[in-house]
Amino acid sequence: MRRSYRSRCTIKDMARDGLDFSEAKRPAAFRLCKVSGYMTELLEIRADDPKLHVLFIPGNPGIVAFYKDFVESLYEFLGGHASVTAIGHVSHTKKNCERGRLFSLEEQILHKVDFIIQELENLEVPILLVGHSIGSYMANDVFRRSSEKVTYCIGLYPFLAVNSQSWWQSIIGKIVESQVLSVALSCIAASLGSLPSSAYRLILTNSVGSSWSAAAVEATCSHLVQYQVVRNILFLAMTEFRKLAETPDWKFMREKREKIAFLFGVDDHWGPLQMHKEISKQVPGISLSIEKAHPHTFCFTEDGSSCVAKHVARLIQNQVLHSGQ
């Protein structure tokens, strides 16, 4: 079992670790496509001669725009040797393409499986899954269902089981189980969207978003003021809490322990350190790391995105590219 207790990530650290990114900087491009008939937001960078393809699954909200800095950093730190695609969750989109339909955790997982079949089936390079928060659970389950196509799976700040010791999760669980409260919160979010965009942006950047990156601010202003997005976020959370009350699939993790890695944070109630300890107990030998410098919402800052992307790139370099998997 490997642990990492790095508190800072710098360009010098990355160069020392052998990550080649000198000429690999490219902007990520947004794309809309239909997956199993559902409009899907993608954020991607395609390498000219890829050695592998990284498919990133976001947390909840499943809005890929939050991860723009992360996707660009990951591509850069892999030296342009990997194509990177971030796939958004169904109906966590700017436009109400699904006419108010709500999608569960199981449906979001099947959506990712269908994307691999539809878009990545004919790839001749390895496919790696990376997930954040509940996206880590999704990625692990997609790996279980598509193990013949997927080479490796990395979970970042993973939400794998309900944390009974978290008062915050207890409150959220009660809110999302109430349809009245979920609708009310969605309406409040939509009412903020009626404000002039400049006014809402000013409020955001002078309050909770004062330290956020431009990408995170833009994603909040464009998506989190949409009724159907917030409603789907809360519905997904409800189905998460119901499913993750179950025991994790330790048998599958033990079978694939050489192909699964997790990065935990400090003081993270979604991926608490007691889960880190439980995984090390249940799946000895699996790759586990702890990152001290950045919170669960690492993707909200450029520094956090860069640091976590560096960790993922190093794992991919060591576990996949250098091992020839």
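**Exercise 1. Find where Asp267 sits, and work out whether it is buried or exposed.**

Start with the place: Asp267 lies in the loop between strand 7 and helix 11 (273-282). Helices (H or I, at least four residues) and strands (E, at least two) are DSSP runs here, numbered from the N terminus. Next, the backbone: phi of Asp267 is near 55°, a positive value in a residue other than glycine. For context, most residues other than glycine have a negative phi. Last, the surface: Asp267 has 79% relative accessibility and counts as exposed. The cut-offs are under 20% relative accessible area for buried, over 50% for exposed and partly exposed in between (1.4 Å probe, protein chains only).

A word on the ground rules: this is a predicted model, with residues numbered from 1 along each chain as its sequence is written. Local features need pLDDT of at least 70, side-chain atom pairs count only at pLDDT 80 or more, totals for chains, interfaces and linings use all residues, and side-chain values use heavy atoms, with hydrogens and water left out.

**Exercise 2. Do the same for Ser133, then follow the chain into helix 4.**

Ser133 is in the loop between strand 5 (127-132) and helix 4. Its phi is near 60°, again a positive value in a residue other than glycine. Ser133 is buried, though, at a relative accessible area of 8%.

Now helix 4 (residues 134-145): 10 of its 12 residues are buried, so the rest of the structure largely encloses it. Among them are Ile134, Tyr137, Met138 and Phe143. To check its length, take 1.5 Å times one less than the number of residues. That gives an expected span of 16 Å, and the end C-alpha atoms are 17 Å apart, which agrees.

**Exercise 3. Trace strand 7 through its sheet: which strands does it pair with, and in what sense?**

First get the layout: an open sheet of eight strands has the order 1-2-4-3-5-6-7-8, with mixed pairing. Strand 1 (29-35) and strand 8 (287-291) stand at the edges with a single partner strand each, so one side of each has no neighbour in the sheet.

Then go to the pairs, where DSSP must find at least two bridges between two strands. Strand 6 (residues 150-156) and strand 7 (residues 260-265) pair in the parallel sense over four bridges, and five bridges join strand 7 to strand 8, also parallel. Ala261 of strand 7 makes a handy marker: Ile154 stands opposite Ala261, and Ala261 stands opposite Ser287 in strand 8.

Finish with the side chains. Ile260, Phe262 and Phe264 point one way, Ala261, Leu263 and Gly265 the other, and all are buried.

**Exercise 4. Describe the largest pocket and spot the cis peptide bond among the residues closest to its centre.**

A pocket is an open set of points on a 1 Å grid over the protein atoms alone, where a 1.4 Å probe fits, with protein on both sides within 12 Å along at least five of seven lines; lining residues have an atom within 4 Å of a point. The largest pocket holds about 1,200 Å³ of space, a volume filled by probe spheres set on the points, which are joined across faces, edges and corners.

Of its 33 lining residues, Asn60, Pro61, Trp168, Leu224 and Ile233 are the closest to the centre. Helix 9 gives the most to the lining, with six residues.

Now the bond: a cis peptide bond joins Asn60 and Pro61, with omega about 15°. Pro61 is in the loop between strand 3 (52-57) and helix 2 (68-77).
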